[in-house]
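Got the viewer open and ready to click? Here's a walk through the model, one selection at a time.

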Amino acid sequence: MTVRGPILAIETSCDETAAAVVDGRRVVSSVVASQAELHAPYGGVVPEVAARHHLGTVNAVVDEALERAGLRLGEVSAIAVTQRPGLIGALLIGVATAKALAYASGLPLIMVDHLHGHIAATWLDPIALDPPYVSLIASGGHTRLDLVTDLRSPRTLGQTIDDAAGEAIDKGARVLGLDYPGGPALERLAAGGSRTAHRFPVGLRGAGTRDFSFAGVKTSLLYAVRDLGEPLAEDVRADLAASYQEAVMRPLADRLIAAARDEGVPAVSLGGGVAANGRLRELVAEGAARAGLRLAVPDRSLCTDNAAMIGAAAQFTDVIAWPDFLGMDAVATAPPGGIAA
Ligand code: KG4
Ligand code: ZN
């Protein structure tokens with residue numbers, strides 16, 4: 001069973017504390033408190049720091065989302081929360097908060113899969129994409145292709161066998177001396193360089209696969225920098241950045257378009273923080289135009305972690321009646337084979 005009416009959604013799986021009110025396809029309010037600056041000195045997300053910060057922030061973020069929506073807690077029809085996958089300590093803060101709020105206000109609870117949220121982001125206004133489509137989610141933690149014929153049960157077609165695309169971008173950026181998170185900085189550096197200056201290997205190329213691998217290209221960059229010798233001239237760094245970015249983005253775009261053609265769907269969608277990358281958008285747009293596919297790319301605020309997308313997926317996830325959810329828990333891992341909706 002699913003619900004109608006406004007849903008209060010909460011997301012704390014990684015380093016953003018987020019809450020939103022979503023009603024059907026409409027995002028009524030969406031608040032995201034990013035911890036990115038807190039983790040930057042460590043070069044990555046520190047799980048305990050993330051959990052502690054969520055704890056201090058989540059109530060204020062929930063209050064702000066309700067206030068901006070002009071609603072009191074008792075006026076929403078359900079509470080949704082990210083159950084999995086993610087950092088367990090971080091997830092637990094959101095799940096405990098959602099359970100407490102639902103219990104205290106007699107509301108049902110909806111436990112949402114984070115990847116399901118990313119996939120459902122394009123269902124929201126103003127994009128309002130309906131299945132069937134193939135979705136590419138590429139972030140710091142995930143890289144996945146899903147066939148969406150029904151938003152209740154997306155089916156995973158392929159995923160990374162080692163690093164996530166965003167992780168590869170962040171590690172590459174670090175090798176080139178850029179600060180974490182390196183995606184935007186690497187893209188800026190790449191803008192002045194040549195995509196063909198260096199031939200970095202494309203992981204699993206020619207294997208006819210829908211999976212991804214980024215460990216090889218990362219190692220190649222490391223060797224290239226070592227062989228060139230430090231310090232690198234600015235134009236050499238730009239060439240390395242552009243060639244490296246190309247080796248990460250090309251398989252993402254190519255396999256997304258190939259999967260959509262093979263599955264015979266009319267549309268593709270992008271999500272996750274890496275979807276902000278201009279070169280990825282360009283490659284996917286070119287491929288989609290050639291193949292006659294509709295391309296759905298949400299606004300950047302819906303690509304990176306947020307709670308509105310959790311509210312979207314919640315509408316395609318079974319509701320747990322009050323108070324049956326009290327025994328539910330957060331889970332660090334993704335379920336095998338796709339989404340546990
Ligand atoms: O979805 P997201 O905000 O957080 C999660 O990982 O869940 O994604 C963050 C990732 C980081 O690896 C970041 O470097 C990457 O997205 N990213 C980019 C760009 N902006 C963010 N990668 C390439 N180009 C960008 N412009
Ligand atoms: Zn995410």
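Select Val-248 and show what surrounds it: leaving aside residues up to four places away in sequence, Val-248 touches Ala-165, Ile-169, Phe-214 and Val-217. Keep in mind as you look that this is a predicted model. Is Val-248 buried or exposed? Val-248 counts as buried, because its relative accessibility is 0%. Now add Pro-201 to the selection: Pro-201 and Val-248 are 47 residues apart in sequence, yet from C-alpha to C-alpha the gap in space is 9.3 Å.

**Along helix 8**

Val-248 lies in helix 8, so color that whole element next, residues 234-263. Helix 8 has 30 residues and reaches 44 Å from its first C-alpha to its last, close to the 44 Å expected at 1.5 Å a residue. Where does helix 8 have a kink? Click Met-249: the kink there is about 25 degrees, and it comes shortly before the proline Pro-251. Then step off the end of helix 8 to Gly-264, which follows it and has a positive phi, near 70 degrees.

**Salt bridges**

Go back into helix 8 and pick Glu-246, then show Arg-195 with it. Their side chains meet in a salt bridge, 3.7 Å from N to O. This pair links distant parts of the chain: Arg-195 sits in the loop between helix 6 (183-190) and helix 7 (215-228), while Glu-246 is in helix 8, 51 residues apart. Check the surface for each partner: Glu-246 is buried, with a relative accessible area of 10%, whereas Arg-195 is partly exposed at 42%. Now add Arg-250, Arg-279 and Glu-282, and you'll have a network of salt bridges that links these three with Arg-195 and Glu-246.

How many salt bridges does a search of the whole structure find? The search finds 16. Two of them sit within single helices, so they make a nice pair of stops. For one, select Glu-64 and Arg-68, whose closest N and O atoms are 2.8 Å apart in their salt bridge. Both residues lie in helix 2 (residues 47-69), four residues apart, about one turn of the helix. Glu-64 is partly exposed, with a relative accessible area of 31%.

For the other, select Glu-167 and Lys-171, which form a salt bridge at 3.3 Å, N to O. They are separated by about one helical turn because they are four residues apart in helix 5 (residues 165-175). An α-helix has 3.6 residues a turn, so residues three or four places apart point the same way. Glu-167 is partly exposed at 27% relative accessible area, and Lys-171 is partly exposed at 32%.

**Backbone oddities**

Zoom in on the backbone now. From Glu-230 to Pro-231 the peptide bond is cis, with omega near -5 degrees; Pro-231 is in the loop between helix 7 and helix 8. Next, find Ala-128, which isn't a glycine but has a positive phi of about 50 degrees. Ala-128 is in the loop between helix 4 (114-120) and strand 6 (133-138). Leu-204, in the loop between helix 6 and helix 7, also has a positive phi, near 60 degrees.

**Last stop**

Finish with Trp-322, in the segment after helix 11 (308-314). The peptide bond from Trp-322 to Pro-323 is cis, with omega near -5 degrees. Trp-322 is partly exposed, with a relative accessible area of 39%. Turn on the surface and add Tyr-103 and Leu-326: together with Trp-322 they form a nonpolar patch with about 300 Å² of accessible area.

Key. Residues are numbered from 1 along each chain as its sequence is written. Chains are lettered from A and ligands numbered from 1 in the order in which they are written. This is a predicted model: local features need pLDDT of at least 70, side-chain atom pairs count only at pLDDT 80 or more; totals for chains, interfaces and linings use all residues. Side-chain values use heavy atoms; hydrogens and water are left out. Helices (H or I, at least four residues) and strands (E, at least two) are DSSP runs, numbered from the N terminus. The expected span of a helix is 1.5 Å times one less than its number of residues. The bend at a residue is the angle between axes fitted to the seven residues ending there and the seven starting there. Buried means under 20% relative accessible area, exposed over 50%, partly exposed in between (1.4 Å probe, protein chains only). Contact means heavy atoms within 4.5 Å. Patches are made of residues with over 30% relative accessible area and no salt bridge: like charges are joined within 9 Å, nonpolar side chains (Val, Leu, Ile, Met, Phe, Trp, Tyr) within 5 Å. Accessible areas come from the Shrake-Rupley method with a 1.4 Å probe; for residues, only the protein chains shown count as cover. A salt bridge is a side-chain nitrogen of Lys or Arg within 4 Å of a carboxyl oxygen of Asp or Glu.
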